[in-house]
Amino acid sequence: MSQYILSEWRNDNPEDPFIVMGQIDDGRYLERIIDVFRDGRADAIVCEGNFYEPVPMPEVETINEADEFTACYTSASLFETTWKEATSTRRLSPPSINILMQTLHNPDHPTQGA
């Protein structure tokens, strides 16, 4: 059963994403990833057969130990909705980005949870 991680990456480089969502398998390997950039661009990537050596994703608690990241588990429905928008338009709307940020910073937001 897949898990879904939503993370904010605080960095100053406009060429790096500031939101990263990942779908991970039972072995904690990425299956799909969504990178969201400050200008609203979104890259949706299927990770199978890609060009890098797969490394298991750390637990959310480990990700949160790094000062530049905030991460949480989120729902399959939020991931799938975001994936659909990112693959159909290669962008995320401001309301969609707002939902992702609210999910990250509000533990009671309805899209929280695995």
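# Strands, charges and rings

E8 is buried, with a relative accessible area of 12%. Buried means under 20% relative accessible area, exposed means over 50%, and partly exposed lies in between, using a 1.4 Å probe and protein chains only. This is a predicted model, in which local features need pLDDT of at least 70, side-chain atom pairs count only at pLDDT 80 or more, and totals for chains, interfaces and linings use all residues. Residues are numbered from 1 along each chain as its sequence is written, and side-chain values use heavy atoms, with hydrogens and water left out.

## The whole chain

The protein chain has 114 residues, and 40% of them count as buried. It holds three helices and five strands. Both kinds of element are DSSP runs, numbered from the N terminus: helices are H or I with at least four residues, strands are E with at least two. Starting at the N terminus, the order is β-β-β-β-α-β-α-α.

How do contacts spread along the sequence? Take the contacts in the protein chain between residues at least 6 apart in sequence: 54% of them join residues at least 24 apart. Contact here means heavy atoms within 4.5 Å.

The accessible surface of the protein chain is about 6600 Å². Carbon and sulfur atoms own 55% of that surface. Accessible areas come from the Shrake-Rupley method with a 1.4 Å probe, and for residues only the protein chains shown count as cover.

## Strand β2 and its partners

Look at strand β2, residues 19–24. Six of its six residues are buried, so the strand is largely enclosed by the rest of the structure. In a regular strand the side chains alternate between the two faces of the sheet. In β2, I19, M21 and Q23 point one way. V20, G22 and I24 point the other way, and all these residues are buried.

Strand β1 (residues 3–9) pairs with β2 in the antiparallel sense, over six bridges. Two strands pair if DSSP finds at least two bridges between them. One such bridge puts Q3 opposite its partner I24 in β2.

Strand β3 (residues 30–36) is joined to β2 by six bridges, and these two strands also run antiparallel. Here I19 has V36 in β3 as its bridge partner. The hairpin of β2 and β3 has five residues between the strands. Within the hairpin, R28 takes a positive phi near 75°.

## Charged pairs

Side chains of opposite charge can pair when their charged atoms come close. A salt bridge is a side-chain nitrogen of Lys or Arg within 4 Å of a carboxyl oxygen of Asp or Glu. By this rule the count is five salt bridges. The table lists some of them.

| Arg | Acid | N to O distance |
|---|---|---|
| R10 | E8 | 3.5 Å |
| R41 | D39 | 2.9 Å |
| R28 | E59 | 3.6 Å |

R28 and E59 link distant parts of the chain, 31 residues apart. R28 is in the loop between β2 and β3, while E59 is in the loop between β4 (42–46) and α1 (60–63).

Are these partners buried or partly exposed? R28 is buried, with a relative accessible area of 13%. E59 counts as partly exposed at 37%. R10 is partly exposed at 37%. R41 and D39 are partly exposed too: R41 has a relative accessible area of 28%, and D39 has 43%.

## Aromatic rings

A pair of aromatic rings is described by the distance of the centres and the angle of the planes. Rings of Phe, Tyr and Trp (its six-membered ring) pair if their centres lie within 6.5 Å; planes under 30 degrees apart count as stacked, over 60 as edge-to-face and the rest as tilted.

The structure holds three aromatic pairs. Y4 and F79 form a tilted pair, 5.2 Å centre to centre with 40° between the planes. Y4 lies in strand β1 and F79 in helix α2 (residues 76–89), so the pair ties together parts that are 75 residues apart in sequence. Both Y4 and F79 are buried.

The rings of W9 and F69 are stacked, because their centres are 5.9 Å apart and their planes are at 15°. This pair links distant parts of the chain too: W9 is in strand β1 and F69 is in strand β5 (residues 69–74), 60 residues apart. W9 is partly exposed, with a relative accessible area of 25%. F69 is partly exposed at 23%.

Which residues do ring pairs link into a cluster? They are Y4, F79 and W83.

## Charges over rings

A charge sits over a ring if NZ of Lys or CZ of Arg is within 6 Å of the ring centre and within 35 degrees of the ring normal. The charged end of R32 sits over the ring of W83, 4.6 Å from its centre. R41 has its charged end over the ring of F37, 4.3 Å from the centre.
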